[in-house]
Amino acid sequence: MLFTSETYTTLGAAGNRILLLPLGATEQHGPHLGVGTDTDIVSSLAVAAELQRMDKVVLAPTLPYGSSHHHLPFGGTMSLSADLYVQVIIDLVRSLLQCGFRRIVLLNGHGGNITPVKQALSLLSKEFDNQVPGYIALATYWELAGSAFSGDKPMESPALSHACEYETSLMLHLFPEKVRMGNVKRAVRPAQNGYIAFEDDIPYKGVSIVKQTAFISDNGCSGEPQLATKEKGDHLYQKALTAILSFLDDFATWPILENLKNK
């Protein structure tokens with residue numbers, strides 16, 4: 001649906017609509033997927049959610065750039081620095097609050113966005129909690145969908161990672177013309193050490209390291225992209241969309257929190 005500035009102001013002022021802002025990225029996805037993969041997937045999910053919840057959801061244009069500096073050694077990546085990305089999120093949310101929206105969902109489609117967006121939410125909370133009653137939520141689609149993206153059948157690898165079985169399957173379902181299965185090659189990856197999930201196939205054990213993608217993958221992807229199919233992508237898409245819709249329905253009913261110290 002086409003929303004004009006007047007529509008945004010009217011719906012925001014009504015105070016009962018959820019503003020959905022998809023967060024994508026522009027970054028390499030190995031030799032077989034395009035640099036717009038994260039943006040394509042999250043945008044498709046967001047549009048479908050809006051179409052199925054027209055009475056509740058106002059959709060903002062997708063932010064197609066994210067925090068992707070770890071992918072810069074591979075061509076095609078366009079990244080905002082973490083500090084700048086935090087400020088971009090803050091400024092966009094400020095704009096939406098000024099429109100009158102009080103329930104805002106940042107629907108995320110890229111793992112590298114999670115930490116800076118959480119930092120932005122922390123700073124927004126400090127700025128607005130005592131001024132503007134409302135909710136600003138970060139929701140990452142594969143985390144919302146839970147076990148569907150963590151090894152449940154029909155998936156054959158343990159979890160979503162990057163340009164993997166999961167993302168490749170989703171793209172085969174959504175945009176098969178953007179997938180080059182003939183170029184798929186499982187990346188050379190570091191040996192497992194029992195603590196760091198280089199292949200996302202061991203549980204988190206309280207130990208984290210941060211390395212550029214080039215140090216953990218020779219071609220910029222991870223997981224098992226050779227296992228991807230269109231049918232798996234359809235399954236994942238439906239699971240993700242169902243989880244998003246369920247969250248939005250619930251989110252719309254949350255009572256606005258009050259400052260309990262002032263009670």
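**Salt bridges and a pocket**

Trainee: At 32% relative accessibility, how does Arg94 count?

Mentor: This is a predicted model, in which local features need pLDDT of at least 70 and side-chain atom pairs count only at pLDDT 80 or more, while totals for chains, interfaces and linings use all residues. Residues are numbered from 1 along each chain as its sequence is written, and side-chain values use heavy atoms, with hydrogens and water left out. Buried means under 20% relative accessible area, exposed over 50%, and partly exposed in between (1.4 Å probe, protein chains only). At 32%, Arg94 therefore counts as partly exposed.

Trainee: Which residue meets the side chain of Arg94 in a salt bridge?

Mentor: A salt bridge is a side-chain nitrogen of Lys or Arg within 4 Å of a carboxyl oxygen of Asp or Glu. The side chain of Arg94 has such a contact at 3.0 Å, N to O, and its partner is Glu127.

Trainee: How many residues apart in sequence are Arg94 and Glu127?

Mentor: Helices (H or I, at least four residues) and strands (E, at least two) are DSSP runs, numbered from the N terminus. Arg94 belongs to helix H3 (residues 82-99) and Glu127 to helix H4 (residues 114-128), so their salt bridge ties together parts whose separation in sequence is 33 residues.

Trainee: Lys232 and Glu156 also meet in a salt bridge; where does each lie?

Mentor: Their side chains meet at 2.5 Å, N to O. The two residues are 76 apart and link distant parts of the chain: Lys232 is in helix H7 (residues 230-251), and Glu156 is in the loop between helix H5 (141-144) and helix H6 (165-174).

Trainee: Is Lys232 buried or exposed?

Mentor: Its partner Glu156, at 52% relative accessibility, counts as exposed. Lys232 has a relative accessible area of 7%, so Lys232 is buried.

Trainee: How much space lies in the second largest pocket?

Mentor: On a 1 Å grid over the protein atoms alone, a pocket is an open set of points where a 1.4 Å probe fits, with protein on both sides within 12 Å along at least five of seven lines; lining residues have an atom within 4 Å of a point. Grid points are joined across faces, edges and corners, and a volume is the space filled by probe spheres set on the points. For the second largest pocket, this space is about 270 Å³.

Trainee: Which strand gives the most to the lining of this pocket?

Mentor: The lining has 15 residues, and among those nearest the centre are Asp129 and Leu257. With 3 residues, the strand that gives the most is E4 (residues 135-140).
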